[in-house]
Amino acid sequence: MPVSIPKAEKLQDLLSLKGKVVVVTGASGPRGMGIEAARGCAEMGADVAITYASRAEGGEKNAKELAETYGVKAKAYKLQVDKYESAEKLVKDVISDFGKIDAFIANAGATADSGVLDGTVEDWNHVVQVDLNGTFHCAKAIGHHFKERGTGSLVITASMSGQIANYPQEQTSYNVAKAGCIHMARSLANEWRDFARVNSISPGYIDTGLSDFVDKKTQELWHSMIPLGRDGNAKELKGAYVYFVSDASTYTTGADLVIDGGYTCR
């Protein structure tokens with residue numbers, strides 16, 4: 001059965017996530033895209049399962065904050081995204097704790113700090129394993145549940161780097177992995193057409209703390225290349241994640257939403 005037209009008429013009802021369970025991976029940071037996506041979903045009424053890789057404390061703290069602030073059920077889980085067994089266990093555990101999963105935001109990722117020639121083979125493999133294969137692991141693990149239920153929404157955090165080559169920093173492994181994520185979303189949208197929707201979000205430079213190590217001069221150069229002249233704030237992505245996991249987007253699949261302050265239009 002293809003994805004059906006929702007019964008609700010009002011936009012606020014279509015955007016409501018009450019009664020839905022949403023998983024957000026990579027949501028242990030205090031101001032990253034993952035926690036903002038989780039906040040957006042919780043704000044709209046969803047129960048949320050968030051994951052951490054190594055920052056257990058951050059994950060637990062965020063889950064507690066989500067439950068207390070929004071009055072929803074929230075729980076943190078450990079996920080080693082580079083291992084399929086870990087993704088499989090996550091899906092199993094969340095279903096056991098929450099009863100089902102309606103939407104899955106595959107957001108966990110790693111950044112690159114070298115090009116092909118100055119980086120090691122291990123550097124390349126790590127980025128591709130986490131960013132591309134990690135996303136595949138999550139997709140495969142949740143896809144079986146979506147197929148079983150006949151419904152679901154997978155949202156992949158890709159990047160504008162999947163469409164352009166960033167300058168001046170060299171990060172070919174990351175660019176290639178994120179290009180793969182965009183096409184994985186498109187391909188899965190087709191493969192899963194009978195039971196689920198799959199879309200990707202491609203952020204530009206977002207101030208999440210991950211780029212704090214970059215020197216001021218480089219950051220100024222980045223800003224000069226962005227029509228809006230600044231980094232994005234992670235909360236400026238919340239609405240996009242909510243849209244894709246909600247019933248407001250039931251005719252949207254295989255789409256990539258670029259949120260980059262205009263970077264890729266130059």
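The structure holds 5 aromatic pairs, where rings of Phe, Tyr and Trp (its six-membered ring) count as a pair if their centres lie within 6.5 Å, with planes under 30 degrees apart called stacked, over 60 edge-to-face and the rest tilted. This is a predicted model, in which local features need pLDDT of at least 70 and side-chain atom pairs count only at pLDDT 80 or more, while totals for chains, interfaces and linings use all residues. Residues are numbered from 1 along each chain as its sequence is written, and side-chain values use heavy atoms, with hydrogens and water left out.

**Aromatic rings**

- Tyrosine 205 and tryptophan 222 form a stacked pair, with 4.1 Å from centre to centre and 10° between the planes.
- This pair links distant parts of the chain, since tyrosine 205 is in the loop between β6 (197–203) and β7 (206–207), tryptophan 222 is in helix α7 (residues 216–224), and the two are 17 residues apart.
- Both tyrosine 205 and tryptophan 222 are buried, a word that stands for under 20% relative accessible area, whereas exposed stands for over 50% and partly exposed for what lies in between (1.4 Å probe, protein chains only).
- Phe146, Trp192 and Phe195 form one aromatic cluster.

**Helix α3**

- Helices (H or I, at least four residues) and strands (E, at least two) are DSSP runs, numbered from the N terminus.
- At 1.5 Å a residue, the 15 residues of helix α3 (residues 56–70) should span 21 Å, and its end C-alpha atoms are indeed 21 Å apart; the expected span is 1.5 Å times one less than the number of residues.
- The buried residues of α3 are Gly58, Gly59, Asn62, Ala63 and Leu66.
- Seen down the axis of α3, its buried residues fall within an arc of 130°, so they line one face of the helix, the arc being that of the directions from the helix axis to the C-beta atoms.
- The face of α3 turned away from its buried side carries the exposed residues Glu57, Lys61, Lys64 and Glu68.

**Helix α2 and the nonpolar core**

- In α2, 10 of the 11 residues are buried, so this helix is largely enclosed by the rest of the structure.
- The largest nonpolar core has 36 residues, of which Val94, Phe104, Phe146, Leu154, Ile156, Trp192 and Val198 touch the most other members; such a core is a set of buried Ala, Val, Leu, Ile, Met, Phe, Trp, Tyr and Cys residues joined through side-chain atoms within 4.5 Å.
- Apart from this core lies another, of 31 residues, among them Ala27, Cys41, Val242 and Val245.
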